[in-house]
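Subject: Structure handover

Hello,

Here is the structure I promised to pass on. Please open it alongside this note.

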Amino acid sequence: MPNLFQSFRQPPSPFLSATHHSTWRSCIETLEHVRDDRYALAELFRLLRPGGHLVLTVPNKWYLFETHGLCVGPVTGNRIPFVSWLPPAIHARIAAARIYTSGGVRGLLASAGFVDIHLDHVMPPLDKLVASPVRRQLRAGVGLAEQTFLRRFGVSIVAVAQKPAWRG
């Protein structure tokens, strides 16, 4: 079976329209890596059955750290604070993957034809921290922040969107 991720790089996809058996599809932390995110979403829309849903997660521009790595001369790495907050033109030149805003995700999904778009943010799991009392305290703090406007600074944006059902 062809690899769907690879097919986004060279149109057209070998899959037939609206033939995926499930009414749910997911694209988890992948869209930022494909060559053309608009084309990838158009293909996901095409492949999804009418009335089906897409669950999408992408890196959040407003998260405090760059999570996909960057290269600026001799400086390379990830988890570098505030790099994701740079203007898009600069970020695109130095980062290994795209990042998104909520408005940008909503616009991309709508332009692909999706409707009933719901967005939220995911706070960081802090899974890279060594098990310790500090991690427990940080997770407790993140849990509290998640209940406030600070969730907008979460690590990822989560979107659930629907392909309109056929009308008969």
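Below is what turned up, from the overall fold to the empty spaces.

Please keep in mind that this is a predicted model.

Overall layout

The protein chain has five helices and eight strands. Along the sequence they run α-β-α-β-β-β-β-β-α-α-β-α-β. The chain counts 168 residues, and 37% of them are buried.

The β1–β2 pair

Strand β1 covers residues 24-28, and strand β2 covers residues 53-59. The two pair in the parallel sense, with five bridges between them. Within this pairing, tryptophan 24 sits opposite histidine 53 of β2. What links the two strands along the chain? The path from β1 to β2 goes through helix α2, residues 37-47. This β-α-β crossover is right-handed.

Cysteines

How many disulfides does the structure hold? The count is zero. Two cysteines are worth a look for their accessibility. Cysteine 27 has a relative accessibility of 7%, so it counts as buried, the cut-off being under 20%. Cysteine 71 comes out at 45%. That value lies between the 20% and 50% cut-offs, so cysteine 71 counts as partly exposed.

Largest pocket

The volume of the largest pocket is about 340 Å³. Its lining consists of 16 residues. Which of them lie nearest the centre of the pocket? These are Tyr63, Arg79, Pro124, Asp127 and Lys128. Sorted by class, the lining has eight nonpolar, five charged and three polar residues.

Cavity

There is one cavity of 30 Å³ or more in the structure. The largest cavity has a volume of about 40 Å³. Which residues line the largest cavity? Its walls are formed by Pro59, Asn60, Tyr63, Phe65, Glu66, Thr67, Ser84, Ile99 and Val155. By class, this lining has five nonpolar residues, three polar ones and one charged one. Tyr63 appears in the lining of the largest cavity and also among the residues nearest the centre of the largest pocket. Pro59 links two parts of this note: residue 59 ends strand β2, and Pro59 lines the largest cavity.

Where to start

For a quick tour, begin at tryptophan 24 and histidine 53. Follow the chain from β1 through α2 to β2. Then turn to Tyr63, for the pocket and for the cavity.

Best regards

Terms used
Residues are numbered from 1 along each chain as its sequence is written. This is a predicted model: local features need pLDDT of at least 70, side-chain atom pairs count only at pLDDT 80 or more; totals for chains, interfaces and linings use all residues. Side-chain values use heavy atoms; hydrogens and water are left out. Two strands pair if DSSP finds at least two bridges between them. Helices (H or I, at least four residues) and strands (E, at least two) are DSSP runs, numbered from the N terminus. A crossover is right-handed if, with the strands pointing away from the viewer, the path from the first strand over the helix to the second runs clockwise. A disulfide is a pair of cysteine sulfur atoms within 2.5 Å. Buried means under 20% relative accessible area, exposed over 50%, partly exposed in between (1.4 Å probe, protein chains only). On a 1 Å grid over the protein atoms alone, a cavity is a set of points where a 1.4 Å probe fits but cannot get out, and a pocket is an open set with protein on both sides within 12 Å along at least five of seven lines; lining residues have an atom within 4 Å of a point. Grid points are joined across faces, edges and corners, and a volume is the space filled by probe spheres set on the points. Ala, Val, Leu, Ile, Met, Phe, Trp, Tyr, Cys and Pro count as nonpolar, Asp, Glu, Lys and Arg as charged, and the others, Gly among them, as polar.
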